[in-house]
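Colleague: Could you take one part of this predicted model and walk me through it closely, then set it against the rest? I'd like the reasoning spelled out as you go.

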Amino acid sequence: MAFLKINNINVAYGDIQVLFDVSLHIEKGEVMSIIGANGAGKTTTLKTISGLLHPAKGSIIFNNETIDNLPPEKIVEKGIIHVPEGRRLFPFMSVEENLEMGSYNSRAYDKRFETMEEIFELFPRLKERRKQMAGTLSGGERQMVAVGRGLMAKPVVLMFDEPSLGLAPVIIKSMMDAIKKIANSGITIILVEQNIHASLSISDRAYVLEQGYVVNSGNAKELLNDPSLKKAFLGI
Amino acid sequence: MGSAILNGILMGSIYGLTAIGLTLIFGVLKVINFAQGAFLMLGLFSTYWFVELTGANPYLALIFVVPFTYFTGYYTQKFLIKPVFESEKDVREPIGVIIVTTGIWYMLDNLALMLFGAEYRTINVPSLSEAISFFGLYAPLSKIIGFFISITIAGALFWFLKYSKMGKAIRATSQDREAASLMGINQYKIYNVTFGIGIAICGIAGTVLLPFYYVYPTAGMHLDILDFVIVVLGGLGSIPGALVGGLIIGLIESVGSQFISYSWTIEIIYLLFLVILFVKPEGLFGVKGEF
């Protein structure tokens, strides 16, 4: 039995269906990528796992428990943490306060100060900026806060939505290194990316989404050399 | 003149208090609560009946009024407003909710009319209406006490939002509700608590006002409209803005009526309101999402 398993879900925003019969699974300790072009349904998949959306059909099983009908705050309590696209920091709160909000759930709150120290070790830059308002940070620093905020929640599964979006290549590299480090610490990772080279190079397995359908999946290194990937990614 | 300024500041702080509830609810729920004045009336009436039935000092009524109005607000949001929110999930400023609050306003006003009748009621506490000398300036004791209560409540609320876990969660929700729910914050619980606090502040304002004010079913109306002016003047969603806006309105009213008739001071207030809307529509302290 897989650690987190998504069985044949259909998801719609109002009348517009975005995911069609999507199934995927992830094993404990794995780094799994979901790749695909704009509008393929990657973000929708993550939002459905984190409870912001609910599937019209199908199920999501985590640790042998059905979680697809739970609200987001219950999913967070289970340890599935979503680092959203576009960072979504609280702009009028300091770096420290943003990190603290990450540890809002009952599993993480009491350990928040220790966890924060670990995050400052991973991203020393944030320690210098701890009192600064999140809205005034640079793009790379914001992404560090977003990742740090995810870690503050003491995740079992950590899901990243486009962590490289809008970052300079050199910062993308260090961001991917940080994600690899997080994976090595035993946290299961789901990575959604348009930057396929960056994401596949640190992933074990990957799924390719195209217009709401899973069209391909397999070993990340093999997929990287697959010609059909270009088709999915460019949407042609 | 000096006494007029002092009275303006004292009254302005109390106006500010009534506006804080409105601005807090708007800042978090992104909804104008049209029932705010009706809840103020509820605060006035519950203080009135507390004093009438127990004969106690009106400020003692707070021990009853604060929990009563808090839970009224909490459950109003939970049972009447939340269902509408859920059906308008993806709308940033849900119009349906505004209409619900308008319905609550009419319901409360008419409920009070039905239960208590239309007459103006007041409590008579002579010791509170006595003028007290304050560095050679004179103001009634009730307004001086009102000023200190208002400032204390504003300070306490500021501290709560800045440092407590719940307060931080309220701020996070006001800044990005979807991101807040990804932190494990139950959005609707935050709405319940925020609405409860906003209405409890209304209740406190009712207790503070009653010693020098009348209570009748539409007593909240005048202050309600004034509150909208204050909140827009100070910046929607800003708590310091609500206090400063209240002080400005209080000063205009009190100092202005030294020179011109009271109804003209109201004219000036609304004229100022229009000017602010033209020149600085976000208000004096208007930064979205910041308390």
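Modeller: Sure, let's start with helix 10 of chain B: 11 of its 15 residues are buried, so this helix is largely enclosed by the rest of the structure. The cut-off behind that is 20 or more other C-beta atoms within 10 Å of a residue's own. The buried set in helix 10 of chain B runs Gly220(B), Leu223(B), Asp224(B), Leu226(B), Asp227(B), Val229(B), Ile230(B), Val231(B), Val232(B), Leu233(B) and Gly234(B). Two aspartates, Asp224(B) and Asp227(B), are in that list. What does the covering? The cover over the buried residues of helix 10 includes helix 1 (2-29), helix 2 (36-54), helix 11 (239-259) and helix 12 (262-279), which belong to chain B.

As for its geometry, helix 10 covers residues 220-234 of chain B, and its first and last C-alpha atoms are 20 Å apart, close to the 21 Å expected at 1.5 Å a residue. Right after helix 10 of chain B comes Gly235(B), with a positive phi near 110°.

Two other helices of chain B are useful to hold beside that one. Helix 9 of chain B (residues 187-209) has 23 residues, which at 1.5 Å each should span 33 Å, and its end C-alpha atoms are indeed 33 Å apart. Helix 9 of chain B is mostly covered too, with 21 of its 23 residues buried.

Helix 4 of chain B (residues 95-116) should span 32 Å with its 22 residues at 1.5 Å a residue, and the 32 Å between its end C-alpha atoms agrees. Its buried residues are Val97(B), Val100(B), Thr101(B), Trp105(B), Leu108(B), Asp109(B) and Ala112(B). There's a handy bit of background for reading a list like that: an α-helix has 3.6 residues a turn, so residues three or four places apart point the same way. The buried residues of helix 4 of chain B pack against helix 2 and helix 3 (62-87) of that chain. And as with helix 10, a glycine comes next: Gly117(B) follows helix 4 of chain B with a positive phi near 80°.

Chain B also has a little strand pairing. Strand 1 (residues 131-134) and strand 2 (residues 137-140) of chain B pair antiparallel over four bridges, and Ile132(B) has Ala139(B) in strand 2 of chain B as its bridge partner. These two strands of chain B make a hairpin with two residues between them, and Phe135(B) in the turn has a positive phi of about 50°.

Over in chain A, there's an open sheet of four strands in the order 2-1-4-5, paired antiparallel. Strand 2 and strand 5 (65-66) of chain A sit at the edges with a single partner strand each, so one side of each has no neighbour in the sheet. Going through the pairs, strand 1 (residues 4-13) and strand 2 (residues 16-26) of chain A are joined by seven bridges, with Ala12(A) opposite Gln17(A) in strand 2 of chain A. The hairpin of strand 1 and strand 2 of chain A has two residues between the strands, and there Gly14(A) takes a positive phi near 60°.

Strand 1 of chain A also pairs with strand 4 (residues 57-62) of chain A, antiparallel over five bridges, where Asn7(A) has Ser59(A) in strand 4 of chain A as its bridge partner. Strand 4 and strand 5 of chain A then pair over two bridges, with Ile61(A) standing opposite Thr66(A) in strand 5 of chain A.

Helix 1 of chain A (residues 42-49) lies across strand 1, strand 2 and strand 4 of chain A, at about 70° to strand 2 of chain A. Leu46(A) is in helix 1 of chain A, and its 23 C-beta neighbours inside 10 Å are why Leu46(A) counts as buried. Leaving aside residues up to four places away in sequence, Leu46(A) touches His82(A), Met159(A), Asp161(A) and Val192(A).

Finally, how the chains meet. The contact takes 20 residues from chain A and 16 residues from chain B. On the side of chain A that touches chain B, helix 2 (72-78) and helix 3 (95-102) of chain A are the elements that give two or more residues. That side of chain A divides into 11 nonpolar, four polar and five charged residues.

On confidence, the model scores ipTM 0.92 and pTM 0.92. Chain B has a mean pLDDT of 91, and 97% of its residues reach 70 or more.

How values were computed:
Residues are numbered from 1 along each chain as its sequence is written. Chains are lettered from A and ligands numbered from 1 in the order in which they are written. This is a predicted model: local features need pLDDT of at least 70, side-chain atom pairs count only at pLDDT 80 or more; totals for chains, interfaces and linings use all residues. The expected span of a helix is 1.5 Å times one less than its number of residues. A residue is buried if 20 or more other C-beta atoms lie within 10 Å of its own, exposed if 12 or fewer, and partly exposed in between; C-beta atoms are placed from the backbone. Two residues are in contact if their C-beta atoms, placed from the backbone, lie within 7 Å. Two strands pair if DSSP finds at least two bridges between them. Ala, Val, Leu, Ile, Met, Phe, Trp, Tyr, Cys and Pro count as nonpolar, Asp, Glu, Lys and Arg as charged, and the others, Gly among them, as polar. pLDDT is the predictor's confidence in each residue, from 0 to 100. Axes are lines fitted to C-alpha atoms, for helices over the stretch in contact, and angles run from 0 to 180 degrees between N-to-C directions.
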